[in-house]
Amino acid sequence: MEDHAEYIELLKRSLAGETETVRLYLAVMAVAPESAIPKLLEIQADETDHQSIIADLLLEAAAGQSADQEEWGGPPPEPSAAGPVGRGRARERCET
């Protein structure tokens with residue numbers, strides 16, 4: 001049982017680490033040149049996939065059931081014709 005508690009604790013720490021990484025990349029995107037945004041969005045998509053997988057493992061370990069996060073995630077949406085989201089554009093795209 002101690003191994004199970006340690007497994008859950010390590011998953012919690014892993015999820016917190018992934019969340020911190022997502023926050024860091026968002027901060028990088030806030031100051032990055034427009035040309036870097038597509039690559040940073042690709043990295044961000046990978047990091048949020050990691051969050052989903054870890055969250056699902058955590059739920060399975062803690063509650064004994066899966067949230068099927070990987071299944072719900074799906075591929076990232078295609079970029080719009082308006083181009084990548086950059087400084088000031090994120091709010092504009094969210095409001096439309």
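**Exercise 1. Find the sign of phi at G64, just after α2.**

Step 1: Go to the end of helix α2, which covers residues 37-63. Helices here (H or I, at least four residues) and strands (E, at least two) are DSSP runs, numbered from the N terminus.
Step 2: Read the angle of the residue that follows: G64 has a positive phi of about 75°.

Before going on, a word about the model: it is predicted, so local features need pLDDT of at least 70 and side-chain atom pairs count only at pLDDT 80 or more, while totals for chains, interfaces and linings use all residues. Residues are numbered from 1 along each chain as its sequence is written, and side-chain values use heavy atoms, leaving out hydrogens and water.

**Exercise 2. Work out how many helices and strands the chain has.**

Step 1: Count the elements: there are four helices and zero strands.
Step 2: Put them in sequence order, and the pattern reads α-α-α-α.

**Exercise 3. Check whether the span of α1 and of α2 agrees or disagrees with the expected value.**

Step 1: Use the rule that the expected span is 1.5 Å times one less than the number of residues in the helix.
Step 2: α1 runs over residues 2-31. Its 30 residues should span 44 Å, and its end C-alpha atoms are 44 Å apart, so the two agree.
Step 3: The 27 residues of α2 should span 39 Å, and the end C-alpha atoms of α2 lie 38 Å apart, which agrees as well.

**Exercise 4. Identify which residues of α1 and α2 are buried.**

Step 1: Apply the cut-offs: buried is under 20% relative accessible area, exposed is over 50%, and partly exposed is in between (1.4 Å probe, protein chains only).
Step 2: In α1, the buried residues are I8, L11, E18, V22 and M29. Their cover includes α2.
Step 3: In α2, the list is I37, L40, Q44, E47, Q51, S52, I54, D56, L58 and A61.
Step 4: Try the cut-offs on single residues. Q51 has 18% relative accessibility and therefore counts as buried. L24, a residue of α1, is exposed, with 52%. E9, also found in α1, is partly exposed at 41%.
Step 5: Step back to the whole chain, where buried residues make up 19% of the 96 residues.

**Exercise 5. Name the residues of the largest nonpolar core and find which helix gives the largest share.**

Step 1: Recall that a nonpolar core is a set of buried Ala, Val, Leu, Ile, Met, Phe, Trp, Tyr and Cys residues joined through side-chain atoms within 4.5 Å.
Step 2: The largest such core has five residues, namely I8, L11, I54, L58 and A61.
Step 3: The elements giving two or more residues to this core are α1 and α2, and the largest share, three residues, comes from α2.

**Exercise 6. List what A61 and Q51 touch, leaving aside residues within four places in sequence.**

Step 1: Contact means heavy atoms within 4.5 Å.
Step 2: A61 is in contact with H4, Y7, I8 and L11.
Step 3: Q51 touches L15, E18, T19 and V22.
Step 4: Compare two pairs by C-alpha distance. E9 and L58 are 49 residues apart along the chain and 9.1 Å apart in space; L24 and Q44 are 20 residues apart in sequence, at 9.8 Å.

**Exercise 7. Find which residues make the nonpolar surface patch of about 220 Å².**

Step 1: Y7, I53 and L57 make this patch.
Step 2: Look at I53, which lies in α2. Its relative accessible area is 31%, so I53 is partly exposed.
Step 3: Check the rule. Patch residues have over 30% relative accessible area and no salt bridge; like charges are joined within 9 Å, and nonpolar side chains (Val, Leu, Ile, Met, Phe, Trp, Tyr) within 5 Å. A salt bridge is a side-chain nitrogen of Lys or Arg within 4 Å of a carboxyl oxygen of Asp or Glu. Accessible areas come from the Shrake-Rupley method with a 1.4 Å probe, and for residues only the protein chains shown count as cover.
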